[in-house]
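Here's a quick tour for anyone just getting started with protein structures. Have a look at the model first, and then we'll go through some of its side chains together.

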Amino acid sequence: MRVVLAEDLYLLREGLIQLLTAHGFTVVAAAETGPELAAALAEHEPDIAIVDVRLPPTNTDEGLRIALEARRRRPGLPVLVLSQHVEQLYARELLEDGSGGVGYLLKDRVLNAGQFVDAIRRVAAGGTAMDPDVIAKLLTRARPDSPVDQLTPREKEVLGLMAEGRSNAAIAQRLFMSEGAVGKHTAGIFGKLGLGPSDDDNRRVLAVLAYLNSGR
Amino acid sequence: MTARLRAFAAGLELYALSLFGLLCLGPVLVVFTPGLLLGLVFLIPGPMVAVRRLTGLVRRRTRDLAGIEVRSPYAPEPPPPQPQADGWYRRDRQLFKRAWWPRMADRIDWVLGDNATWRDLGWMFLAPIGALPGVLPLVLPAAALWVAASAQLPDAAIGSLVAVTALAGLALAPSGLRSSARFHRRLLGGRVLRSDVHDVQADHRVRRWVGKASSPVVRLALLLLTSAIAIPVFVATVAALVLGYGLGLIFLVPWGQADLRWLADWRRSLAQWSGVSIPSPYRPLPPLVQRPDGMYRVGKNLYKTPRWALWTQRFYWVQTDPATWRELVWRGSDPIVGGLIAGVPVLLVVYGIWGQILPRIVHFFVGESPANFWYGTFIGHPAAAIPGGLALAALGVAIAPAALRLHGRWSRLLLKPSGDTALAQRVEQLTLSRADASDAAARELRRIERDLHDGPQARLVALGLRLGTIEALIDTDPAAAKEHTVQTQEAAAHALRELREVVRGIHPPVLAERGLADAVRALALDSPLTVTVDIDLQVRLPEPIEAAAYFSVAEALGNAAKHARARTVAVRLDLLPAGGADPAANGDVLRMIVRDDGRGGADPANGSGLRGLARRLGIFDGTVTLSSPPGGPTELIMELPCASSSPRTSTSSGRD
């Protein structure tokens, strides 16, 4: 799998390249700044871009903005955004087009190489990988009058894991239930959130988006 | 109709209570005055506490009948004195054998120290007038009867006039009831807020009330009063100066100048009616300097005791302050110039209305036809009297706003600080806010140091220890070493999490990356309440301003969530153009409004958070205005002048 990587800190960049190479990815370009990333994305057309939010020269949210711009030019381009902190605002911007293939993770998550690589594969396959921190923040809030509020506690649990980007099988394993039961719950969730039957993966992204938006 | 009748009955009841209050005033004063004047102090608390029963009843009935909540503004009763270990009661620096006297003294202090006591007395005196709107169905016909009888109308006309006015009074009864209930609330309810944030707050409220309740003519009449008072004040000052410099009674000089400043102060505070704000122009009294040899130095003179040194210093301070002499000119000229500006519209109105009333009174006593008086002879024809009078009054009302503006300009001309003084005051203010700023920075650094020390630093040490353990185990017990590796990873993640918290407390990353608008949106997303955000902000503001604004909004949202029991909060940010909020400011003003639907009653005196807000914004000359009546809603308006708006720039040294 061909990866374009953007990270301005030398140590972390080298570490990531090693980790990815060790897990069988091919890092076709490792960018250090925003413009380099933009050029690399245009040149290599990778299978996935792993991007740090904050990049030189502005040291603001350059990485995120370039990634979003690249997705506008090439819809569905899988992008995994890494950040030192997670912000719902950014998570929502990433999910906004509803086409999937996005991830937003804390940089800490690379410490657990297995889960991190799993998340990369999920995103590259068109799924999502939201950081549990984003999800946890939402779970602590109880807001009336949002459609998410109509879900049963069990359905919320399932939606929470779905929002992280887990497959039905993974959710079933986590919650100690059968895959069929998870399927029933997901159907219930889609129904209550008013998501009609269409491409299943896409519906999952939309459900996550509804979940994120339940704050409003 | 029944609602109107009920309102009338309620107004009647409240009015009866008001009359009863006036009746009680006599006995209360009979008991109270000897207490105050003859030293029979034990007579003081009793009647005052008894009065509170009556006013308490009025508060309850006002709430029940008119639906207007009247706060009970009294300070809580002091606790009974406690004996010391040796059985004696101590109060200040005296010991008492029995609790009786300390308790009495506490109660006297309690009653006399409470503003609400005096408000109660004021209410007893004024209530029969203030509650009059509550009995409009009686007042209007009575007034009609009096006017009609003096005009000698036929009986039938009188009868129908009385009937019509009685009906009109009944129709107006509900609003009359509300008006008299509001009067009770104003006198008996007390004010909700005091302390440093409140200065802004009180000012704000008074201005709003005046803006709503009184017309320019009334304000001009009060200003006219100040001009009239300026005459004796000016005479006294001149006398003091003449006697002081002429006959050597030098002690009169500072008295005549400094002790009579209250009039100008009053005028400066009234000038806001004219839409003019006049800061106090006086220089601060310099501190007394004691030399190493123990003498006090003032100018070229040395004094042994501080008493005379202080006096001389005050003397020089008053004489050398240009504001003193400008004020003297004002005292002399204001009765003419200010009196003329304020007097013309007021006199037009008074003359116009008085002209309608006087002939009837003269007619009542003398019996001559009213047509021969006042406008009747003044304008030439009796029929011209009424329109002539009304036209004069209308002219007075029409020119009053312009006169009020002119009056404000006139007041400012001589009462504002001269350039030097304004500069000196500004320096003073900046010194204070610089001290605040460096204090805050030092506190912040200490907090960050502590956070780092307690959190990530300790975790990293533990991490190192674990790695040591792993190193020891890796050959002998690889399974245990592996388990330790997992825990080490978790510890590293934990340290990172704590570092993130610390960073967020210093400068939130989203603020650095996206600027104020998105940072506030992110705050809204993180709040447990439903927060709507309305931001009109096209530019990036200077970084310190953004940080101050961000943390202020965060604090306000936190307060709403923690204390206000609010469900929804509305946050509004906009940039007012230069001089929009404060004419003295030369840059834009960032205005932040946080409004919640909570229970209200926020009081800066109780919460350090609000005072912290005022200090945080004060560093940038910002202001905090709080409006939080009990029952809500709470509205916090924060204004932050931003000298310059810079375009998006590269941000802090923190990297992602």
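**A look at some side chains**

With a relative accessibility of 19%, Glu635(B) falls under the 20% cut-off, so this residue counts as buried. Keep in mind that this is a predicted model. Glu635(B) has a partner, and that's a good way into the topic of charged pairs: the side chains of Glu635(B) and Arg595(B) meet in a salt bridge, 2.6 Å from N to O.

**Salt bridges**

- Side chains of opposite charge can pair when their charged atoms come close.
- Arg595(B) sits in strand β8 (residues 588-596) of chain B and Glu635(B) in strand β10 (residues 634-642) of chain B, so their pair ties together parts that are 40 residues apart in sequence.
- Unlike buried Glu635(B), Arg595(B) is partly exposed, at 39% relative accessible area.
- Another salt bridge joins Arg331(B) and Glu327(B), at 2.8 Å from N to O, and both of these residues are buried.
- Arg331(B) and Glu327(B) are four residues apart in helix α12 (residues 322-333) of chain B, which means that about one helical turn separates them.
- Over in chain A, Glu157(A) pairs up with Arg154(A), with their closest N and O atoms 3.4 Å apart.
- Those two are three residues apart in helix α7 (residues 153-164) of chain A, so here too the separation is about one helical turn.
- Glu157(A) is partly exposed at 40% relative accessibility, and Arg154(A) is partly exposed at 33%.
- Some salt bridges join up into a network, linking Asp61(A), Arg65(A), Glu93(A), Arg514(B), Asp518(B) and Arg521(B).
- Over all chains, the count comes to 36 salt bridges.

**Aromatic rings**

- Counting over all chains gives six aromatic pairs.
- One of them is Trp308(B) with Trp311(B): the ring centres are 6.2 Å apart and the planes are at 65°, so the pair is edge-to-face.
- Both Trp residues belong to helix α11 (residues 306-320) of chain B, and because they are three residues apart there, about one helical turn lies between them.
- Trp308(B) is partly exposed at 49% relative accessibility, and Trp311(B) is partly exposed at 27%.
- Phe315(B) and Tyr316(B) also make an edge-to-face pair, with 6.0 Å between centres and 70° between planes.
- Phe315(B) is buried at 11% relative accessibility, whereas Tyr316(B) is partly exposed at 38%.
- Put these together and you get a cluster: ring pairs link Trp308(B), Trp311(B), Phe315(B) and Tyr316(B).

**Charges over rings**

- The charged end of Arg307(B) sits over the ring of Trp308(B), 6.0 Å from its centre.
- Arg261(B) lies over the face of Tyr282(B), 3.8 Å from the ring centre.

**Two buried residues to find**

- Asp52(A) is in strand β3 (residues 48-52) of chain A and is buried, at 0% relative accessibility.
- A polar atom of the Asp52(A) side chain lies 3.4 Å from the backbone nitrogen of Arg54(A).
- An unreviewed UniProt entry annotates Asp52(A) as "modified residue: 4-aspartylphosphate".
- Ser18(B) lies in helix α1 (residues 2-37) of chain B and is likewise buried, at 0% relative accessibility.
- The Ser18(B) side chain reaches the backbone oxygen of Leu14(B) at 2.9 Å.
- Beyond its neighbours within four places in sequence, Ser18(B) is in contact with Trp123(B), Ala127(B), Pro128(B), Ala131(B) and His184(B).

Terms used. Residues numbered from 1 in each chain as written. Chains lettered and ligands numbered in written order. Predicted model: local features only at pLDDT ≥ 70, side-chain atom pairs only at ≥ 80, totals over all residues. Heavy atoms only, no water. Buried < 20%, exposed > 50% of the residue type's maximum accessible area, 1.4 Å probe, protein only. Polar contact = N/O pair within 3.5 Å; in protein donor to acceptor, adjacent residues only side chain to side chain. Contact = heavy atoms within 4.5 Å. UniProt positions renumbered as here; feature names shortened; annotations may be inferred. Phe/Tyr/Trp six-rings, centres within 6.5 Å; stacked < 30°, edge-to-face > 60°. Lys NZ or Arg CZ within 6 Å of the ring centre and 35° of its normal. Salt bridge = Lys/Arg side-chain N within 4 Å of Asp/Glu carboxyl O.
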